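Hi,

Here's the structure I promised to send over. Have a look at it first, and my notes on what turned up are just below.

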Amino acid sequence: MKKFLALLLTAFMLISLVACSGGKTNTPDPSADQDTSDKPAEATGDGLTTELFTLEFDKEAWSYDEESVSNEEDYCYVNLQILDPDDPEYYLINVDVTASVDDPYDFREDLVYYGFDQHEYAENNSYELVNIGGVDCLKYEDESWGETTVKYFNRVEGAGATVAVEISAEDVSDSRISALLEGLKFTLTDTGNEDGPWEWEGEPFTAEDASVAAGSFTVETKWIPINEYVSTFETFNHDVAAVGNTVYILTEGTLKQYAFDGSALNFEKDIELEEDDYEVILKTADGSLWLTGGMNDLVRIKDGSVTETYADLDTVAVSPDGSWGVSYFVSNECKLVTFNGGSASTADVVFSEIDSVSYVSVDNDAIYACGNAADESGHKVFIYNKDGVLQKTLCDAEGEGLGSITYFTKTANGYIGLDGNMRTVLLWDNNGTLIAELEDSDLFGTYYPWFCGSDMMDDGSIITVMTEDRADESATELVAFIVKGF
């Protein structure tokens, strides 16, 4: 089952949905993947009726595609527009109305995304509400490219439902919008639903120590509590670096510093960054931290301050001695980077055995590039020397592709890789022969984590961070483990 879910996730991640703002093009229907054919909305003379809301509006002013209306017992949606009379391919006003009977997770994620504090919302009723369609809603407003977007939304707990109205227009005070909102009525049924606990009410993640046989080796893991726990709605973009007994966690663009006493990570401080969307943190032997990714410049931090900034590079894998690295994005056309104090020189390198690159790490004399093989044999690890000449190719026991390697390094006994898609830890000997493929459930006691980032510590053990849902579904946590024995 896990492998099926992993493959499904891989397919999903290959699909890129691109949204453009400011052009006033007709917006895509967010329910396009939903089956809307079983119960068409009932059109009336002055509006329409769905399972979860009714809407009266002037059909001479507003247009909508009847075939795109979703009308199901647990999901209803309609998009209405007032088109530009001079160019009907563009709209003047766009309105999306949605009602969904669902779990509270997406609503809570929206709370955070739109800048509302969950605790202030749930415990202190700190936000003013606006009645829309009979439901008291939060209001979010933003302006971009001369267009204003207003979103009204809230959770109706007794009905187990979330409602939302999103408006985009140059002038959101247009009387036609207020008339439309006056004609909206959500028709939700109170079923006595009680949503699950909020994150501060739920049970934080815990795990037992584990040891798993892997050929002639025994891999041991230890869960490391993070004080305080880190909850997140971001599955992927977290990373970790360890410098002696200090551990740095990059989580959603925030760099956190912890003291590691061997049994727990104790929060010390946040380190201020000029940009808040870095995705990768690395360390070099001199104790420097390197931040990269998120379309930002590469920066080097020493003793809490930025000492160098390197522009015009993509995500960079930096060697442990800090003298060189590899700049990569998706293409197999990458750059070898040589650092010269505050400047960097580059030389082109093409990893011709790879079709698309997803992850690169380097040590002082080797490049580990992970990606989809050019011969369509799947995702593999390609080991090159510093000049970009292929030395070895690592794969699974059948010689076939892996899922998606999110961390790879050389150890005292061979190579270790963490496969984010398959949720497995793979061990290869020095010749590149697979020794073992270990399940996350056996090593970490997890169900379906994402392996976000890892780093080798001074003693050769590996600290790794991953995201995992709590058992009571009150939050997704960023959790940490020590892996040793190989």
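Two strands count as paired here if DSSP finds at least two bridges between them. Strand β34 (residues 424-428) and β35 clear that bar, with five bridges in the antiparallel sense. Within that pair, T424 stands opposite E439 of β35. Before you read on, keep in mind that this is a predicted model.

Those two strands belong to an open, four-stranded sheet ordered β32-β33-β34-β35, with antiparallel pairing. At its edges are β32 (405-410) and β35 (434-439), each pairing on one side only. From one strand to the next, the twist averages 15°.

Next, the packing. The largest nonpolar core has 52 residues, and V326, F351, V360, I367 and F408 touch the most other members. The biggest contributor is strand β29 (residues 366-373), which gives six residues. F408 is worth clicking on: leaving out residues up to four places away in sequence, its contacts include Y359, Y368, C370, L394 and W428. There's also a second, separate core of 30 residues, with F57, Y152, A169 and L180 among them.

And the cysteines: how many disulfides does the structure hold? Zero. Take C76: the closest cysteine sulfur, in C137, is 16 Å from its own, so that's too far for a bond. C76 also counts as buried, because its relative accessibility is 0%. C334 is in no disulfide either, with the nearest cysteine sulfur, that of C370, 12 Å away. At 3% relative accessibility, C334 counts as buried too.

Cheers

How values were computed:
Residues are numbered from 1 along each chain as its sequence is written. This is a predicted model: local features need pLDDT of at least 70, side-chain atom pairs count only at pLDDT 80 or more; totals for chains, interfaces and linings use all residues. Side-chain values use heavy atoms; hydrogens and water are left out. A nonpolar core is a set of buried Ala, Val, Leu, Ile, Met, Phe, Trp, Tyr and Cys residues joined through side-chain atoms within 4.5 Å. Buried means under 20% relative accessible area, exposed over 50%, partly exposed in between (1.4 Å probe, protein chains only). Contact means heavy atoms within 4.5 Å. Axes are lines fitted to C-alpha atoms, for helices over the stretch in contact, and angles run from 0 to 180 degrees between N-to-C directions. A disulfide is a pair of cysteine sulfur atoms within 2.5 Å.
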